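Student: Please examine one part of this model closely and explain how it is built. I would like a single connected account, with the reasoning made explicit wherever a cut-off decides the matter.

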2 protein chains.
Amino acid sequence: MSLAQRILQGEIRAAARLMRDVDDGIASATRELKELYPHTGKAYIIGVTGPPGAGKSTLTDKLIETYRSQGKTVAVVAVDPTSPFSGGAILGDRIRMNRHATDEGVFIRSLGTRGHLGGLSNSANDIIHIFDAMGWDVILVETVGVGQDEVEIVRTAHTSVVVMVPGLGDEIQAIKAGILEIGDVFTVNKADRPDADRTARELETMIAMVMRPESDWTPPVVKSVAQKVEGVADLVARIDDHHRYLVNSGKMHQHEKFYSAQRFADLLKERLFAEVHQCLSDNGRLSETVDAIARRELDPYTAVETILDDALQCAMRKNRLT
Amino acid sequence: MSLAQRILQGEIRAAARLMRDVDDGIASATRELKELYPHTGKAYIIGVTGPPGAGKSTLTDKLIETYRSQGKTVAVVAVDPTSPFSGGAILGDRIRMNRHATDEGVFIRSLGTRGHLGGLSNSANDIIHIFDAMGWDVILVETVGVGQDEVEIVRTAHTSVVVMVPGLGDEIQAIKAGILEIGDVFTVNKADRPDADRTARELETMIAMVMRPESDWTPPVVKSVAQKVEGVADLVARIDDHHRYLVNSGKMHQHEKFYSAQRFADLLKERLFAEVHQCLSDNGRLSETVDAIARRELDPYTAVETILDDALQCAMRKNRLT
C-alpha cells in the first residue's frame, strides 16, 4: 500500500512520515502528494494570527476544545516564524501537545522556518494538503503574522482570525492597513484588561474605513479572554457566519481559485529556479558570473539580463531529457 | 544629471527618490542601480537582530551615537517584519528619526513588508546598495530576525549582532541552532535584570557547542544596558574585532562572493518567474491550468511538470524579442 493510501485510511503515522519526507525534500513525496490531491478541498481552513503576546496559542487551544465538543476533528499547523528565537513557541507546542495527546481527534504539527527547501509557504501548504486529504474537518493555521511568507500563509485560510490585545493606545492608529485587509474576524483578546472596549471600538472604526472591493462582509470584532474561555463561543459563531457568507456569496469557489493559483505559482517559481540554477551551475556560468559581480566588473541586474536566454535554453534542453 | 550621479554626489533627496522608485517597481530604477553598482562594496554592513522586546531599537540608537562620535556616517535600514502589526515599530522609528533629524551623518530608512514586488529581501538589498554607493561608512540593518526573508537579510551583513535578554530561563535550552549560527557577536541586553550573568554563560556554552566549519571565530557574548549606554563601547569593540578577523582571514572576500551569489540568485528567481508567469498569462494557459487545479482535475505538481516546457519556450521567445 502506498503512503498516500495509508494516509487516506486515516493512518496518522503515515501522515507524519510524509510530512517528514516533504520537509526533507525526498523526491517520492511529490508522487504521494499527487495521489492525495483529488481528495483535498473538504477541510475548513482557519488562520489564527496576531502579534507576539496576544495569546494566540491559548486561543487556538480553546478553539480546538470548542470544535472537538462539536464532534469535529481538528488539525493544527503551527507555523513558527519566531524561530530562530522559537524557545517559547516550542515549549508552548509541547504543552498543547500534551493536553491533547490522548485525543485522536487532534493532530498538531509545528513548522520551523529552517530547512524548508521550497520555502516556508510551500511546506505549510503541503502539510495543509495532507491534513485536508486525510479528512480532518477543521485545520487551524497559527502564525505570528509577521514576515512576508507568513502573511502569504494566512491568505490561504478560508477565514482569517486576527488576534489583538487592548491598550495598544495611540499605536493602533499607526497600524498599517495590511492587518485590516487580512482579517475576516477580529478578536480583542485579554479583554479583561482595561481599554478593551476602546480598542474594540477603534478597531471597528478602522475596519469600516477599509475599502473592500467586491465584498459585502464587514469583519466583526469579538472580545475574548481565552484563558477563561470567555468569548470563544462567540468567536466560533462569527467564524461560522463567515463560512456561511463564503458559501452563499459564491466566494468559496473564488477562494478555491485564488488558492489554486497561488499554489501553482509557488511551485512553478520553485521549479523554474531549481532547473535554471542547476543548469548554470553545471555549465560553469554561475560561478564565473558571481565572480564578476563580486569583483564589481558586472552588476547583478545586467548579469541576469545577459544570462537569461542561455539559462532558459539550457533549462529547456535539460527538462526535455528528463 | 542622472539620479545615480546625484546620489554619488551625496544628495539625500535623490537617494530617497530612488528608494521610492525601487519600492514602486519603476522600470528606470534598475538603470540607476546599475550605474551605482561599481561604487558599492565600501560600507561596513552590520545586522542587528533579536526577538521583540529585546531592545534592538534602543541599541541601534546607541550604536549610531557611538559610530557618529568616531566620525563615521551611519545609515540605517529598519526592516519592519512586524508589519502588518507594526504600530510600535513605526512610532519607534519616528522617535529615532527625530533624535537624529538634524544630523546629516545619519539616514534612517524604514521598510515595511508590503508592496515589495520583488520580495522583501530584494528591496532591502537595493536600499543597502544605494546607501553603499553613496558612501555611508556604516550601514546598520535592524530586523526582528523572524521569518525566512528576514533571516536571509541578516545573512547579508558583514557582522551580525544578535540581541538577547536575561531570564529566558529554561527556554534558552530550546532555542534552535539557527540563532547561534546567525550571530557573529551576541549581546545580552537589559543586563541590569536578574539572571544576566547566567544567560550570558548559557549562551557561551551553547555557542561553544555549535560546529563552525572553516571558521576560527568564536562569537563573543557582551552584556549591555542600551538604555544607560552601558556595554555599548564593548559591543562596538567586538564588532571591530570581527571586522578585523574577516579582513585578516580572507573571509571578507568570501563574504563578498557569498553575497554576490545570493543577490544574483534572488534577482534571477524574480525575473524568471515574472517572464514565465507573463507568458502563461498571455497565452491563456495560466487560467485554464488554475481552473483545472481548482476543480481537482489536475494536481498542482503535475501541472507544473506539464507546463514547464511550454513555459520555458515561451519565455525564451519573449525575451529574445525585447
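Tutor: A residue counts as buried if 20 or more other C-beta atoms lie within 10 Å of its own, as exposed if there are 12 or fewer, and as partly exposed in between. The model is a predicted one. The part chosen here is the sheet of chain B, with its surroundings and the corresponding topics in chain A.

The criterion can be applied at once to Ala124(B). This residue has 24 C-beta neighbours inside 10 Å and is therefore buried. Ala124(B) belongs to helix α6 of chain B, which spans residues 120-134. Leaving aside residues up to four places away in sequence, Ala124(B) touches Val77(B), Val79(B), Leu111(B) and Ile153(B). Ala78(B) is 46 residues away from Ala124(B) along the chain, yet the two C-alpha atoms are separated by 9.0 Å.

One of these contacts, Leu111(B), leads to the sheet, since β3 of chain B covers residues 106-111. In chain B, 7 strands form an open sheet with parallel pairing, and their order is β3-β2-β4-β1-β5-β6-β7. The edges are occupied by β3(B) and by β7(B), residues 221-223; each has a single partner strand, so one side of each lacks a neighbour in the sheet. From one strand to the next, the twist averages 20°.

Within that order, β1(B) lies between β4(B) and β5(B). Towards one side, β1(B), residues 44-49, pairs in the parallel sense with β4(B), residues 138-143, over 6 bridges. In this pairing Gly47(B) stands opposite Val141(B), and Val48(B) stands opposite Glu142(B). Towards the other side, β1(B) runs parallel to β5(B), residues 159-164, and 4 bridges join the two strands. Val48(B) is again a reference point, standing opposite Val161(B) in β5(B).

The surroundings of β1(B) can be described face by face. In a regular strand, side chains alternate between the two faces of the sheet. On one side of β1(B) are Tyr44(B), Ile46(B) and Val48(B), and on the other are Ile45(B), Gly47(B) and Thr49(B); all of these are buried, and both faces are thus covered. Accordingly, 6 of the 6 residues of β1(B) are buried.

Chain A also contains an open sheet of 7 strands with parallel pairing, in the order β3-β2-β4-β1-β5-β6-β7. Its edge strands are β3(A), residues 106-111, and β7(A), residues 221-223, each of which pairs on one side only. The twist here averages 20° between one strand and the next. A pairing further along this order joins β5(A), residues 159-164, to β6(A), residues 185-188, through 4 bridges, with the strands running parallel. Val161(A) has Val185(A) as its bridge partner in β6(A).

Helix α11(A), residues 232-249, lies across β1(A), β5(A), β6(A) and β7(A) and runs at about 170° to β6(A). In chain B, helix α11(B), also spanning residues 232-249, meets helix α12(B), residues 251-282: their axes come within 5 Å and cross at roughly 90°. The two helices are therefore roughly perpendicular to each other. Leu246(B), Val247(B) and Ser249(B) of α11(B) make this contact with Lys251(B), Met252(B) and His255(B) of α12(B). By class, the contact residues comprise 3 nonpolar, 2 polar and 1 charged.

The loop after β6(A) adds a backbone detail. Lys190(A) is located between β6(A) and α10(A), residues 196-209, and has a positive phi of about 55° although it is not a glycine. With 23 other C-beta atoms within 10 Å, Lys190(A) is buried. In chain B, Arg296(B) has a positive phi of about 65° and is likewise not a glycine; this residue lies in the loop between α13(B), residues 285-294, and α14(B), residues 300-321. Arg296(B) has 14 other C-beta atoms within 10 Å and is therefore partly exposed.

Terms used:
Residues are numbered from 1 along each chain as its sequence is written. Chains are lettered from A and ligands numbered from 1 in the order in which they are written. This is a predicted model: local features need pLDDT of at least 70, side-chain atom pairs count only at pLDDT 80 or more; totals for chains, interfaces and linings use all residues. Two strands pair if DSSP finds at least two bridges between them. Axes are lines fitted to C-alpha atoms, for helices over the stretch in contact, and angles run from 0 to 180 degrees between N-to-C directions. Two residues are in contact if their C-beta atoms, placed from the backbone, lie within 7 Å. Angles under 35 degrees count as roughly parallel, over 145 as roughly antiparallel, 65 to 115 as roughly perpendicular and the rest as oblique. Ala, Val, Leu, Ile, Met, Phe, Trp, Tyr, Cys and Pro count as nonpolar, Asp, Glu, Lys and Arg as charged, and the others, Gly among them, as polar.
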